[in-house]
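Trainee: I have a model open and would like to learn where its descriptive labels come from. Could we go through them together?

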Amino acid sequence: MRWAALPKTQPLLAYLLLNRQAPIARDGVAFLFWDDVPEREARANLRRHLHDLLKALPPASPEAPWLLRTGTTVHWNPAAPYWLD
């Protein structure tokens with residue numbers, strides 16, 4: 001069975017990769033992708049889509065997770081083993 005991503009998971013991945021130089025404020029990402037819903041719902045959507053993204057990626061090692069997350073920021077891990085063309 002194929003995995004079906006949530007609607008904004010792929011654009012979220014692209015955004016994180018294109019802005020991988022530094023941590024990004026979670027609120028900023030949430031409001032960028034879900035500017036038409038209340039703040040609480042936008043944040044919940046971001047959490048759900050980040051979970052969906054991690055589920056779609058291959059398992060990461062504990063030493064080099066795909067994402068670096070705090071309560072206020074999210075960041076594509078520059079130490080993760082990825083190649084970007």
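Mentor: Happily; we will take the labels one by one, keeping in mind that this model is predicted.

Trainee: How do you know that the protein chain agrees with a compact globule?

Mentor: The rule is 2.2 Å times the number of residues to the power 0.38. For 85 residues this gives a radius of gyration near 12 Å, and the protein chain has 13 Å, which agrees.

Trainee: Which elements does the protein chain contain, and in what order do they run?

Mentor: There are three helices and three strands. From the N terminus on, they run α-β-α-α-β-β.

Trainee: Why are S1 and S2 said to stand at the edges of the sheet?

Mentor: The open sheet has the order S1-S3-S2. Strand S1 (24–25) and strand S2 (67–69) each have a single partner strand, so one side of each is left without a neighbour in the sheet.

Trainee: What makes S2 and S3 a pair?

Mentor: Two strands pair if there are at least two bridges between them. S2 and S3 (residues 73–76) have three bridges, in the antiparallel sense, so they meet that cut-off. As one example, Arg 69 has Val 74 in S3 as its bridge partner.

Trainee: What does it take for a residue to be called buried, and what share of the protein chain is buried?

Mentor: Buried means under 20% relative accessible area. Buried residues make up 32% of the 85 residues in the protein chain.

Trainee: And what supplies the exposed surface of the protein chain?

Mentor: Carbon and sulfur atoms supply 57% of the roughly 5800 Å² that the protein chain exposes.

Notes: Residues numbered from 1 in each chain as written. Predicted model: local features only at pLDDT ≥ 70, side-chain atom pairs only at ≥ 80, totals over all residues. Heavy atoms only, no water. Helix = DSSP H or I, 4+ residues; strand = E, 2+ residues; numbered from the N terminus. Buried < 20%, exposed > 50% of the residue type's maximum accessible area, 1.4 Å probe, protein only. Areas by Shrake-Rupley, 256 points an atom, 1.4 Å probe, with all protein chains shown as cover.
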